[in-house]
Amino acid sequence: MKQYKKYYELKNAAKNSLDGKYGESVLICFLDWGIPMAASFVLHFCFLITVVVFTGMNPVTNFILDVLTLLLGIFFGILHGGLALYFLHVASGQPRSVANLFHGFQADYKKILVVAGASILCNTLYLQPQQYLVQRYLVTMDSKWQIAALLFMVLGLCLYLPVSLGIRLGLYVMHDFPQYTALETLSLCRRMMRGHKRRLLGLLCSFLPMMFLCVFTLFIGFLWLIPYMHMTLTYFYLDLVRPAQPKKAAPRPD
């Protein structure tokens, strides 16, 4: 019977691997967040200036901006693939550098776009409707929008969690099994996660108290927490594909 590591064992392994590497890990995680954020800011600024000058904001322009933002997020999913590669190298003791973040631009970027884009599309499909309904409620203060937002929130989460958890490790699988296509990678990831979604959800939820505390540090604490979470998730994946074998009991003496 396969034996999987407990949460504290995964976290201890993550701490040990990050020892002496925290500066580099913080930098690469910051770039993975900061580059798409800066590009999104430029997109919104240029789009809003253009729209205000020529047409003004309306439902059509809002929809176009949402689509452009989605496409930009999928494009920069390439960086998420590089981030997964970096932490895999840290966990396995292989040479690594911040340049790993841009690995996807040199490798099969189309496959990375599909694998990373699947998670982004999942977020948009299941979580975006409730955000729109909340905005409508805040504008109109009509209770029907509030009720609709709550219903879509519950329904969206019920659909989002099993789907997103099933493909959450797709970028790790992609690097470990480069011979597979993007769709084969996602399919393999879903099969690997059967029976382990609740375990992964529990691991992610175990970081909630630390995330709550990071808010009181004016979010500065996330610079430490995010690399720690990525490293722990990497060890969760490695433990999933290569679980420890139970020790055999020593034979009794005659």
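In the predicted model, C214 is buried, with a relative accessible area of 6%. C214 takes part in no disulfide, and the nearest cysteine sulfur, which belongs to C29, is 13 Å away. The other member of this pair, C29, is likewise in no disulfide, the sulfur of C214 being the nearest cysteine sulfur at 13 Å, and C29 is also buried, with a relative accessible area of 9%. Because a disulfide requires the two sulfur atoms to be within 2.5 Å, the separation of 13 Å between the sulfurs of C29 and C214 leaves C29 unpaired. Over the structure as a whole, the number of disulfides is zero.

The protein chain contains 11 helices and zero strands, and its order along the sequence reads α-α-α-α-α-α-α-α-α-α-α. Taken along the principal axes, the C-alpha atoms of the protein chain fill a box of roughly 90 × 40 × 40 Å. Of the 254 residues in the protein chain, 37% are buried.

Two salt bridges are counted in the model. In one of them, the side chains of E24 and R96 meet with an N to O distance of 2.9 Å. E24 belongs to helix α2, whereas R96 lies in the loop between α4 (77-92) and α5 (109-140), so this pair ties together parts of the chain that are 72 residues apart in sequence. Both partners fall into the intermediate class of accessibility: E24 counts as partly exposed at 24% relative accessibility, and R96 counts as partly exposed at 30%. The side chains of R199 and D239 also meet in a salt bridge, with an N to O distance of 2.7 Å. This pair likewise links distant parts of the chain, since R199 is placed in helix α9 (residues 197-205) and D239 in helix α11, 40 residues apart. Here both partners are buried, R199 at 16% relative accessibility and D239 with a relative accessible area of 4%. Because the limit for a buried residue is a relative accessible area under 20%, R199 at 16% falls within the buried class, while E24 at 24% is assigned to the partly exposed class.

Helix α11 (residues 222-241) also holds I226, which is partly exposed, with a relative accessible area of 28%. The C-alpha atom of I226 is separated by 7.8 Å from that of V26, although the two residues are 200 residues apart along the chain.

Two surface patches are described here. The nonpolar patch is formed by F30, W33, M37, L218, I220 and L223, which together have about 670 Å² of accessible area. Helix α2 (residues 22-54) gives the most to this nonpolar patch, contributing three residues. One of the patch members, F30, lies in helix α2 and is partly exposed, with a relative accessible area of 43%. As membership of a patch requires over 30% relative accessible area, the value of 43% for F30 satisfies that condition. L218, another member of the nonpolar patch, is placed in the loop between α10 (208-215) and α11 and is exposed, with a relative accessible area of 70%.

The backbone of this loop carries two positive phi values that are reported for residues other than glycine. L218 has a positive phi of about 60° although it is not a glycine, and F219 has a positive phi of about 70°, again without being a glycine. F219, too, is found in the loop between α10 and α11, and it is exposed, with a relative accessible area of 52%.

The second patch is positive in charge and is formed on the surface by R190, R191, R194 and K197. Among these residues, R191 is found in helix α8 (residues 182-192) and counts as partly exposed at 44% relative accessibility.

Note on methods. Residues numbered from 1 in each chain as written. Predicted model: local features only at pLDDT ≥ 70, side-chain atom pairs only at ≥ 80, totals over all residues. Heavy atoms only, no water. Buried < 20%, exposed > 50% of the residue type's maximum accessible area, 1.4 Å probe, protein only. Patch = residues over 30% accessible without salt bridge, like charges linked within 9 Å, V, L, I, M, F, W, Y side chains within 5 Å. Areas by Shrake-Rupley, 256 points an atom, 1.4 Å probe, with all protein chains shown as cover. Salt bridge = Lys/Arg side-chain N within 4 Å of Asp/Glu carboxyl O. Lys, Arg positive; Asp, Glu negative; His and termini not counted. Charge placed at Lys NZ, Arg CZ, Asp CG, Glu CD. Helix = DSSP H or I, 4+ residues; strand = E, 2+ residues; numbered from the N terminus.
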